[in-house]
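Trainee: I would like to learn how to read the inner spaces and the overall build of a model that is new to me. Could we go through it together, step by step?

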Amino acid sequence: MNAPTDTAEARELALAGMGASRLRKEDARFIQGKGNYVDDLKLPGMLHMDIVRAPVAHARIKKINKEAALAMPGVHAVLTADDLKPLKLHWMPTLAGDVAAVLADEKVHFQMQEVAIVIADDRYIAADAVEAVEVEYEELPVVMDPFEALKPDAPVLREDLAGKTEGAHGKREHHNHIFTWEAGDKAAADAAFDAAPVKVSQHMYYPRVHPCPLETCGCVANFDPIRGELTTHITSQAPHVVRTVVSLLSGIPESKVRIISPDIGGGFGNKVGIYPGYVCVIVASIVLGRPVKWVEDRIENISSTAFARDYHMDGELAATSDGKILGLRVNVVADHGAFDACADPTKFPAGLFHICSGSYDVPAAHASVKGVYTNKAPGGVAYRCSFRVTEAVYLIERMVDVLAQKLGMDKAEIRAKNFIKKEQFPYTSAFGFEYDSGDYHTALQKVLDAVDYKGLRAEQAAKRADPNSPTLMGIGLVTFTEVVGAGPSKMCDILGVGMFDSCEIRVHPTGSAIARMGTITQGQGHQTTYAQIIATELGIPSEVIQVEEGDTSTAPYGLGTYGSRSTPVAGAAIALAARKIHAKAKKIAAHLLEVNEGDLDWEVDRFKVKGDDAKFKTMAEISWAAYNQPPEGLEPGLEAVHYYDPPNFTYPFGIYLCVVDIDRATGETKIRRFYALDDCGTRINPMIIEGQIHGGLTEGFAVAMGQQMPFDAQGNLMGNTLMDYFLPTAVETPKWETDFTVTPSPHHPIGAKGVAESPHVGSIPTFTSAIVDAFSHLGVTHLDMPHSSYRLWKSLREHGAAL
Amino acid sequence: MTIRTAITVNGKETSREVEARTLLVHYLREELSLTGTHVGCDTSNCGACTVLLDGEAVKSCTVLAAQVHDCNITTIEGAAQADGSFSPVQEGFRQEHGLQCGFCTPGMLVRSYRLLQENPNPTEEEIRVGISGNLCRCTGYQNIVKAVQSAARKLQEAATATA
Amino acid sequence: MEVKLDKQYPLDVDADRAWALLSDLKATAGCMPGAEILEQLSDTSYKGTVKVKVGPAVAQFGGTVDVVETNTENRTVVLRGKGADKGGSSASMDLSAAIVADPTNPAHCVLNGSAAVIVNGKFAQFGGRMMVQVSEMILGQFVENFRQTALTLPAPAGSAAGQSGAASTTASDAPKIAKEINGLAIFWQLIKGWWQGLFGSRG
């Protein structure tokens, strides 16, 4: 006899809802090569745009000679800043309250900056035409270092800001200064330091790196002059924001602007900003009345689109002599490049950096971040950073290690001693964040037990005692708390639009459903996970819930996907929209069963009359009834929309432990073991979560062990191709071990916190912690990234540990 | 300077007048509208453009269309089984969550397919080396390895079944 | 990107002829591989071009060469060259060159060259890792051209070279000065040099 298919358990399995590791719904098209990426789009009459870029980092433009390019067959236009001036589009506002050049206006501010655009019949002709545009430059002295930039006699970078002593974030102290932002209580922190018996300090640099998704940025703009409508396909993580900005810049009403983010080949924060290429291609389409496509190549992507980090940080911890932290002080010099185009919520020019008190109960703290202009490409917030949380977690985790080393304390012990205790949640930090929930002690113990931490330390001690040991063994431990889910609109806005998010669900008469959200997946699996949320809330199998995102003409307004905000914000909107439908469904069920609502229980996919199992109505039956037998006073149909303004951020956390063996002869590091325990609250799809963790850990490995964007003294960016920029292959990438605990968020409708950036935020300091730990018996307290073989080989020599 | 080429793609003959400098990847994507093969870099590093050329895996960004006159090209669009069902490699990727954004996937699938022809029973190490010409930013490769292992098992089963 | 070079080149030319050539800027500039002097702007300033080709990629640097200093007593010149290519690279070079007589052999001398080269733009970005070797190769080609040109000058009366008669020139002896710097040829030389270095050959 077959297993009954109508038990609650069987029906729950059939739903493949919350908690199920169900296979992804989006895979079918990708494994057949039928994805729909921006560069796949081909429209009748479409032209191609390419960009003439500055070869030098700082120069005046003396002359641009378009003749040769314009004379080439197949070239339709060559535009420069002068052509955009009458449209007032040669400069554009940035998300950070600054302005950025769309095309270099008399002056070049960074190497590879956009100087002119060429529009031609196909991409080959466009590339030829780019070579034919002649530009005469008068080179100016470059500033590649933020400390040099702040010297009194430093060259003036932003002549357009001459005389402006007030920036978007307060006073500007110097012609290359952007802002100084502070958080916490300086007086309290200083007092704590004055009174503390133990003080440690450490300078550390978080290098400039680039998210480098496999698909570069691109855009196909199609202005229909007959209808006066603009449709743009774009690699954007925030299509609604793009629509609003495009409408404001172009004067076309938002109702006639349609932005479509189709399939996106990885975002990682690289595809949040609005780039000059997008503006130019839209202008070109409007002016020419034809579709125009622009897709950048990899060199352009690495050289000119949103970089990440470039934070010079000085951390200090004050503590008791037995390791209890009394105070934290941080000073940061932030290299923002030539324009402040940092993609942060408006009120936070340093993002959420003030989460830097971490998982610890720090009574007094102060942080100050100074933003500076240099002759580098603009950006700063990108690459799975949760708005500078990568920098913050790196800072505090390194400082705790430095403190542990100073006191000769074990790195796990000092953390456990300082953790915010489970009973203290919700916990308000010295910086004002209200952490929602956490149980750090349980998670830490789980990891230490799983890896046999004591055994590892004993092994390390034995290796240290052997002068001929071929490797230096290091154990890295990071216990991080993230802050994601931006965010409550009273605190968080992008260009004035509050950072809520949204979901609209419509259930069809025959029981399937369609749902649209204001976020946009770039590989995170929303088509699957969002359907799973709805499946559990409404008892409709996730297989028949169609999830759509990215088309601003159909999706409700949202702020997009970045900073791990999809599950915390849109996920909540989804649950609450579903609950509105659930409430209506209950009314319909009561009507059909002729009972009061109070007499009904919900079980998986049906409302049952209390005490009478035979009397029930399934969601499928209710859906049908909604369209032809709604009860008196209720409209027909079964749909709802919810806009969710989160009451707070969410605070996922993790415990990561890494064991490394550094070859004393070559500096090569083998990642022997990496154990990652994550707590993201309620887990929607464990298989997808694990995939996200693997990906974030791998990108973290790349950052910590090899990625850099070195500039020479003349401002040339060396190594902006994949020959040099370290993207690990399957060979270098370590094997990951994942684990979890579940501490739901009390303020979130389904208790979920978001997870995709945690592995990146947490792994980078873990690798550094392990590498430094390998050298710690030699008195080393810190080594800057990247930890390439060459750099470690030099360190081995420097500290007398080379073989 | 243009040149007449005749290239068989996924079993179908195609014939076009192309510029000598036209890359095979652009020929596939723009001339033939086979957009499954992707461009991810400009230095032959990423492998998103991998196709089979007379059965061997090559990076189509580094091959000229004119070079493969009279040759056989197989792209991801030619990967499915004759009855339209997923191949063992495609099914393996789906079952083991070996893809996220999907951009590296066509190249990865084509290469994995060829890898399993070269080495039907690879160790994990051999798989990692075998796909080291294909970059992925999303998955961290761990599930891709499992996907290839799953496909290898399936192909072995099918081979022993028909043996 | 900055490269500093400091090299000594023994030449089988007497110091007088070498200095005669070195102090003639136009002739010396003519020894620079791929260089062409187009116009004399002043006593000490010339306008010219240098063409560099690496496979299909070509850059034509147009710019100026100035004689910053000439010291007849020490037989030194200081030159400054600056150029830019319309495609997006620029370069500048400060070169000090001196002729030092060989005390053991009046028919020989040493050309001391010390140069600081700054390259900006595309060449710096993509050619960065080869810059030192390429600069050395270019300097090496220059010296060879210089040597050949110096040998064609009339030998000083009574000198060994004059007596040997080896200095007479015919059209067929005219030095073959490369019209362009061929990057691939340089690259091949680099590979050969590296390969030879592996096997310790003296070349």
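**Inner spaces and overall build**

Mentor: In chain A, the helices α15 (526-538), α16 (566-593) and α18 each supply at least two residues of the lining of the largest cavity. Please keep in mind throughout that this is a predicted model.

Trainee: How much space lies in the largest cavity, and which residues are the closest to its centre?

Mentor: The largest cavity holds about 480 Å³ of space, and of the 35 residues that line it, Gln524(A), His526(A), Gln692(A), Val755(A) and Ala756(A) are the closest to its centre. By kind, the lining divides into 11 nonpolar, 19 polar and 5 charged residues. The count of cavities of 30 Å³ or more comes to 10.

Trainee: What volume does the second largest pocket have, and which elements give two or more residues to its lining?

Mentor: A pocket, unlike a cavity, is an open set of points. The second largest pocket has a volume of about 560 Å³, and among the 22 residues lining this pocket, those closest to its centre are Thr669(A), Lys670(A), Ile671(A), Val731(A) and Glu732(A). Two or more lining residues come from each of β33 (653-663), β34 (669-679) and α18 (686-705) of chain A, and also from α4 (124-130) of chain B. The lining of the second largest pocket comprises 7 nonpolar, 7 polar and 8 charged residues.

Trainee: How should I read a single residue such as Ser769(A): is Ser769(A) buried or exposed?

Mentor: A residue counts as buried when its relative accessible area is under 20%. Ser769(A) has a relative accessible area of 1%, and therefore it is buried. Ser769(A) has its place in helix α19 (residues 758-775) of chain A, and, leaving aside neighbours within four places in sequence, Ser769(A) is in contact with Arg398(A), Asp401(A), Ile475(A), Gly476(A) and Leu477(A).

Trainee: What radius of gyration does chain A have, and what would a compact globule with 803 residues have?

Mentor: For a compact globule with 803 residues one would expect a radius of gyration near 28 Å, and chain A, at 28 Å, agrees with that. The C-alpha trace of chain A spans about 85 × 75 × 50 Å along its principal axes, and chain A contains 20 helices and 35 strands.

Trainee: What share of the residues of chain A count as buried, and what share of the contacts joins residues 24 or more positions apart?

Mentor: Of the 803 residues of chain A, 65% count as buried. Among contacts in chain A with a separation of 6 or more, 80% are between residues 24 or more positions apart. Chain A exposes about 26600 Å², of which carbon and sulfur atoms supply 54%.

How values were computed
Residues are numbered from 1 along each chain as its sequence is written. Chains are lettered from A and ligands numbered from 1 in the order in which they are written. This is a predicted model: local features need pLDDT of at least 70, side-chain atom pairs count only at pLDDT 80 or more; totals for chains, interfaces and linings use all residues. Side-chain values use heavy atoms; hydrogens and water are left out. On a 1 Å grid over the protein atoms alone, a cavity is a set of points where a 1.4 Å probe fits but cannot get out, and a pocket is an open set with protein on both sides within 12 Å along at least five of seven lines; lining residues have an atom within 4 Å of a point. Grid points are joined across faces, edges and corners, and a volume is the space filled by probe spheres set on the points. Helices (H or I, at least four residues) and strands (E, at least two) are DSSP runs, numbered from the N terminus. Ala, Val, Leu, Ile, Met, Phe, Trp, Tyr, Cys and Pro count as nonpolar, Asp, Glu, Lys and Arg as charged, and the others, Gly among them, as polar. The radius of gyration is taken over C-alpha atoms; the globule rule is 2.2 Å times the number of residues to the power 0.38. Buried means under 20% relative accessible area, exposed over 50%, partly exposed in between (1.4 Å probe, protein chains only). Contact means heavy atoms within 4.5 Å. Accessible areas come from the Shrake-Rupley method with a 1.4 Å probe; for residues, only the protein chains shown count as cover.
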